[in-house]
Amino acid sequence: MSDNRVLVPLSASSTNRQTIEYVVRTALEGGPATLRLVYVHPPEIQADDQTARGQAVDDLLKRASVWAEEDSKQFEATLTVETAQLGMDKYLFSPSDIAETIARDAIETDTDRVVFDPRYDPGIGAPLLRPLEYELTRFDGFTVEEAPSGRQTRRTPFLARTSLPQIGAIFVISFAFYQILAADPTYWFEIVTGVVSAAIVAIGLSQVTFTRNPTWQTPARLVRHTIYIPYLLKEIIKSNILVAAVILHPKLPIEPRMTRVRPAVWGSLPMTALANSITLTPGTLTVRIDGRTLTVHTLVPAAREGLFAGDLERAIRFVFYGRDAAKITSPEDRGEAELIDSTDEPSSWEGDDGGADK
Amino acid sequence: MIETVRTVAIVGFILVGLFFTLVSAAGVIRLPDVYSRAHTASQADTLGAGFALAGVALALGFTTTSFKTVLLLFFIFITNPTAAHAIARAADEEGIKPWTTDDDRTDADLYEEAMTDE
């Protein structure tokens, strides 16, 4: 191909303007170029705010294309601008998922360079530019760089936006924790010092704790958690006895197999809760999470059957989405559970849902 | 009378906790590869620590200190699976293939194999 292609992932950032200018200048110095502007959709898009967000993304990409065309006028070589939106049909969970999506797009469109905005934020909770750049170096075929920003940017890693409800929630939690640790919660001195320390914690840590505001669903989820915890305890004790019997059995009748399931659970917090519960239950151990796919090591057939029957998954759905969501059939019936020999193996429901095959 | 029942319950909890910790230790020695060892190293231990802490809470009675043991249990329940997952994930990234019933490789062989693959 005669012209060089540059891919720029964009997000709502204050340095987009400088980044576009830098990219256009460096790309056109070497002759005609094609600029591909992509927006990678963050996880947890709720159905109701999809149209509003879609509009904002369209505006962002349109604005960036206009800037690029403006900047290209002072060069002789022609610039072609194209835009794309990625990850709408997938659940992108970690920097490696996002890196893979970007890399796949770069390889498909035969791109030579990927340039990041210094404040690029893929919207997965906190700005994760460093890990993202690192993940991208695993792929061949293109170079990765970060655009220098015009003014000295103060790097603010791990700081996300915060809001009053979030600060309030942290305040309540840390105050309650302080009173549990305090010897006598009715003594006025404990109340005053509790308020002061909770305020310091709430203001100081509000930017790293929550990424979303608590909603009216939060109390309901907490109540459902109190049902979930005894259930989980029962499961843990049941499978612990099972595994203990296997370990103490003279013949050691284990049949370890790697398995893969795709639970019908969405969002990073429910997914974390499920993966943690699976690991907490003896006999099953979460090895890897890729998007919605969990790679689980199972020790005995009974534990494997329990995993494929999806009891924990159903319980997690009950906690986070209410009773109706618990009715979805088991992963085995959905065809979203399988035994695998190697974790590199593509899953049978692969489609376009990530994975090592390509 | 009540005191006797309590003492028996405390001793019972501690003994059950000790039993699961012992099983966990036996599992680490007996099981064949890093994945299955990660199972028992952290999980059976969770219940061992859980029962021991329940015994401690009972021995302390209804005081603020026993609330703290419940909190301790809560933190163990969050950190233990995280550690097990980290070990398993690291093993997977090293390319270590899980042991299955039809092979007789030892831990050292599995590691050797992963190293020569690269």
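1. How much surface does chain A expose, and what share of it do carbon and sulfur atoms supply? In this predicted model, chain A exposes about 17900 Å², and 59% of that area is supplied by carbon and sulfur atoms. Of the 358 residues in the chain, 48% count as buried.

2. For a reader who is new to the fold, it may help to begin with the elements of chain A, whose secondary structure comes to 11 helices and nine strands. Among the contacts in chain A with a separation of 6 or more, 73% are made by residues that stand 24 or more positions apart.

3. Helix H9 of chain A, which covers residues 301-309, deserves a careful look, since Ala303(A), Arg304(A), Leu307(A) and Phe308(A) are buried within it. Seen down the axis of H9(A), these buried residues fall within an arc of 135°, and therefore they line one face of the helix. As a general point, an α-helix has 3.6 residues a turn, so residues three or four places apart point the same way. The cover over the buried residues of H9(A) includes strand E6 (257-261), helix H8 (268-280), strand E7 (284-290) and strand E8 (293-298), together with helix H11 (331-334) and strand E9 (337-340) of chain A. Just after H9(A) comes Gly310(A), which takes a positive phi of about 70°.

4. The contact between the two chains can be described first by its extent: chain A brings 38 residues to it and chain B brings 38 residues. The area buried between chain A and chain B is about 3200 Å², and carbon and sulfur atoms give 69% of this area.

5. Which side chains meet in a salt bridge of 2.6 Å, N to O? They are those of Arg288(A) and Asp92(B), and the count between chain A and chain B is two salt bridges. Eight residue pairs are in polar contact between the two chains, counting pairs with both residues at pLDDT 80 or more. On the side of chain A that touches chain B, at least two residues each are supplied by helix H5 (164-181), helix H7 (217-248), E6, H8, E7 and E8. H7(A) gives the most to this side, with eight residues.

6. Two buried residues in helices may be examined one by one. Ser239(A) lies in helix H7 of chain A and counts as buried because its relative accessibility is 12%, under the 20% cut-off. When its neighbours within four places in sequence are left aside, Ser239(A) is in contact with Thr281(A) and Pro282(A). Arg104(A), for its part, has its place in helix H3 (residues 95-108) of chain A, and at 17% relative accessibility it counts as buried. Although Arg104(A) and Phe139(A) are 35 residues apart along the chain, their C-alpha atoms are separated by 9.0 Å.

7. The backbone at two loop positions is worth checking, given that most residues other than glycine have a negative phi. Asp110(A), a residue other than glycine, has a positive phi near 60°; its place is in the loop between H3 and strand E4 (113-116) of chain A, and with a relative accessible area of 44% it is partly exposed. Leu252(A) is likewise not a glycine and has a positive phi of about 50°. This leucine lies in the loop between H7 and E6 of chain A, where Leu252(A) is buried, with a relative accessible area of 17%.

Notes: Residues are numbered from 1 along each chain as its sequence is written. Chains are lettered from A and ligands numbered from 1 in the order in which they are written. Side-chain values use heavy atoms; hydrogens and water are left out. Helices (H or I, at least four residues) and strands (E, at least two) are DSSP runs, numbered from the N terminus. Buried means under 20% relative accessible area, exposed over 50%, partly exposed in between (1.4 Å probe, protein chains only). Contact means heavy atoms within 4.5 Å. Accessible areas come from the Shrake-Rupley method with a 1.4 Å probe; for residues, only the protein chains shown count as cover. The arc is that of the directions from the helix axis to the C-beta atoms. Buried area is the accessible area (1.4 Å probe) that two parts lose on being put together, summed over both. A salt bridge is a side-chain nitrogen of Lys or Arg within 4 Å of a carboxyl oxygen of Asp or Glu. A polar contact is a pair of N or O atoms within 3.5 Å; within protein, one must be able to donate a hydrogen and the other to accept it, and residues adjacent in sequence count only if both atoms are side-chain atoms.
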